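Subject: Structure for your review

Dear colleague,

Please find below the structure that I am handing over to you. A summary of the findings follows it.

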Amino acid sequence: MQASLLVAFQGCEPSDAVRASIQREFGRLETHDHRITSGRVTVIGPGDHHRHGASFQIHILDRK
(Lines give C-alpha, C1' and ligand atoms only; values in the text may rest on other atoms or scores of the structure.)
Protein backbone atom coordinates (compact mmCIF):
# COMPACT_ATOMS: atom_id res chain seq x y z
CA MET A 1 0.00 0.00 0.00
CA GLN A 2 1.29 3.46 -0.89
CA ALA A 3 1.21 5.73 2.17
CA SER A 4 0.59 9.43 1.67
CA LEU A 5 3.42 11.81 2.52
CA LEU A 6 3.25 15.56 3.11
CA VAL A 7 6.51 17.53 3.06
CA ALA A 8 6.40 21.16 4.25
CA PHE A 9 9.15 23.78 4.29
CA GLN A 10 9.20 26.68 6.77
CA GLY A 11 11.75 29.48 6.81
CA CYS A 12 13.59 28.12 3.76
CA GLU A 13 13.07 27.65 0.05
CA PRO A 14 11.49 24.34 -1.02
CA SER A 15 14.01 22.03 -2.65
CA ASP A 16 13.15 19.24 -5.06
CA ALA A 17 16.34 17.38 -4.08
CA VAL A 18 15.47 17.48 -0.37
CA ARG A 19 11.88 16.46 -1.12
CA ALA A 20 13.09 13.50 -3.22
CA SER A 21 15.48 12.41 -0.45
CA ILE A 22 12.69 12.54 2.13
CA GLN A 23 10.38 10.54 -0.16
CA ARG A 24 13.10 7.93 -0.71
CA GLU A 25 13.69 7.52 3.05
CA PHE A 26 9.95 7.39 3.72
CA GLY A 27 9.70 4.60 1.15
CA ARG A 28 12.34 2.68 3.09
CA LEU A 29 10.31 3.10 6.29
CA GLU A 30 7.25 1.66 4.54
CA THR A 31 9.15 -1.53 3.72
CA HIS A 32 9.92 -2.07 7.42
CA ASP A 33 6.49 -1.23 8.85
CA HIS A 34 3.44 -1.84 6.67
CA ARG A 35 1.12 -0.23 9.21
CA ILE A 36 2.27 3.30 8.29
CA THR A 37 -0.64 4.95 6.51
CA SER A 38 0.64 8.51 6.19
CA GLY A 39 3.52 10.76 7.16
CA ARG A 40 4.21 14.44 7.59
CA VAL A 41 7.71 15.94 7.49
CA THR A 42 8.43 19.59 8.24
CA VAL A 43 11.82 21.09 7.31
CA ILE A 44 12.43 24.28 9.31
CA GLY A 45 15.20 26.59 8.16
CA PRO A 46 17.60 28.37 10.50
CA GLY A 47 16.37 31.48 12.27
CA ASP A 48 17.65 34.98 11.61
CA HIS A 49 19.77 34.95 14.76
CA HIS A 50 22.15 32.16 13.69
CA ARG A 51 25.60 33.54 12.99
CA HIS A 52 27.60 30.35 12.33
CA GLY A 53 26.46 27.36 10.34
CA ALA A 54 22.99 26.63 9.14
CA SER A 55 21.17 24.30 11.46
CA PHE A 56 17.90 22.97 10.14
CA GLN A 57 15.25 21.23 12.19
CA ILE A 58 13.40 18.21 10.84
CA HIS A 59 10.11 17.17 12.41
CA ILE A 60 8.66 13.77 11.46
CA LEU A 61 5.19 12.56 12.31
CA ASP A 62 3.97 9.14 11.15
CA ARG A 63 0.50 7.74 11.41
CA LYS A 64 -0.23 4.07 12.03
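I begin with Asp-33, which counts as buried because its relative accessibility is 16% and the cut-off for buried is under 20%. Please bear in mind throughout that this is a predicted model. Asp-33 is placed in the loop that runs between helix H1 (16-32) and strand E2 (38-44).

Two contacts link this residue to Arg-35. In one, a polar atom of the Asp-33 side chain lies 3.1 Å from the backbone nitrogen of Arg-35. In the other, Arg-35 forms a salt bridge with Asp-33, and the closest N and O atoms are 3.3 Å apart. The two partners differ in their accessibility: Asp-33 is buried, whereas Arg-35 is exposed, with a relative accessible area of 57%. In general terms, side chains of opposite charge can pair when their charged atoms come close.

How many salt bridges does a search of the whole structure find? The search finds two. Besides the pair just described, Glu-25 forms a salt bridge with Arg-28, with 3.0 Å between the closest N and O atoms. Both Glu-25 and Arg-28 belong to helix H1, where they are three residues apart, or about one turn of the helix. Glu-25 is partly exposed at a relative accessible area of 37%, and Arg-28 is likewise partly exposed, at 49%.

Regarding the overall architecture, the secondary structure of the protein chain comes to one helix and three strands. Read from the N terminus, the order of these elements is β-α-β-β. The protein chain has 64 residues, of which 22% count as buried. The area that the chain exposes is about 5,100 Å², and carbon and sulfur atoms supply 51% of that area. Among contacts in the chain with a separation of 6 or more, 50% are accounted for by residues 24 or more positions apart.

Individual residues in the strands illustrate such contacts. Leu-6 lies in strand E1, which covers residues 4-10. Apart from its neighbours within four places in sequence, Leu-6 is in contact with Gly-39, Arg-40 and Val-41. Leu-6 and Leu-61 are separated by 55 residues in sequence, and their C-alpha atoms are 9.9 Å apart in space.

Which residues does Thr-42 contact, leaving aside its neighbours within four places in sequence? They are Ala-8, Gln-10, Gln-57, Ile-58 and His-59. Thr-42 itself is part of strand E2. This residue counts as buried because its relative accessibility is 16%, which is also below the cut-off of 20%.

One of the contacts of Thr-42, namely Ile-58, leads to the last finding. Ile-58 is found in strand E3, which spans residues 57-63. Together with Phe-56 and Ile-60, Ile-58 makes a nonpolar surface patch of about 330 Å².

In brief, the points to look for in the view are the pairing of Arg-35 with Asp-33, the salt bridge between Glu-25 and Arg-28, and the nonpolar patch made by Phe-56, Ile-58 and Ile-60.

Yours sincerely

Terms used:
Residues numbered from 1 in each chain as written. Predicted model: local features only at pLDDT ≥ 70, side-chain atom pairs only at ≥ 80, totals over all residues. Heavy atoms only, no water. Patch = residues over 30% accessible without salt bridge, like charges linked within 9 Å, V, L, I, M, F, W, Y side chains within 5 Å. Areas by Shrake-Rupley, 256 points an atom, 1.4 Å probe, with all protein chains shown as cover. Salt bridge = Lys/Arg side-chain N within 4 Å of Asp/Glu carboxyl O. Helix = DSSP H or I, 4+ residues; strand = E, 2+ residues; numbered from the N terminus. Buried < 20%, exposed > 50% of the residue type's maximum accessible area, 1.4 Å probe, protein only. Polar contact = N/O pair within 3.5 Å; in protein donor to acceptor, adjacent residues only side chain to side chain. Contact = heavy atoms within 4.5 Å.
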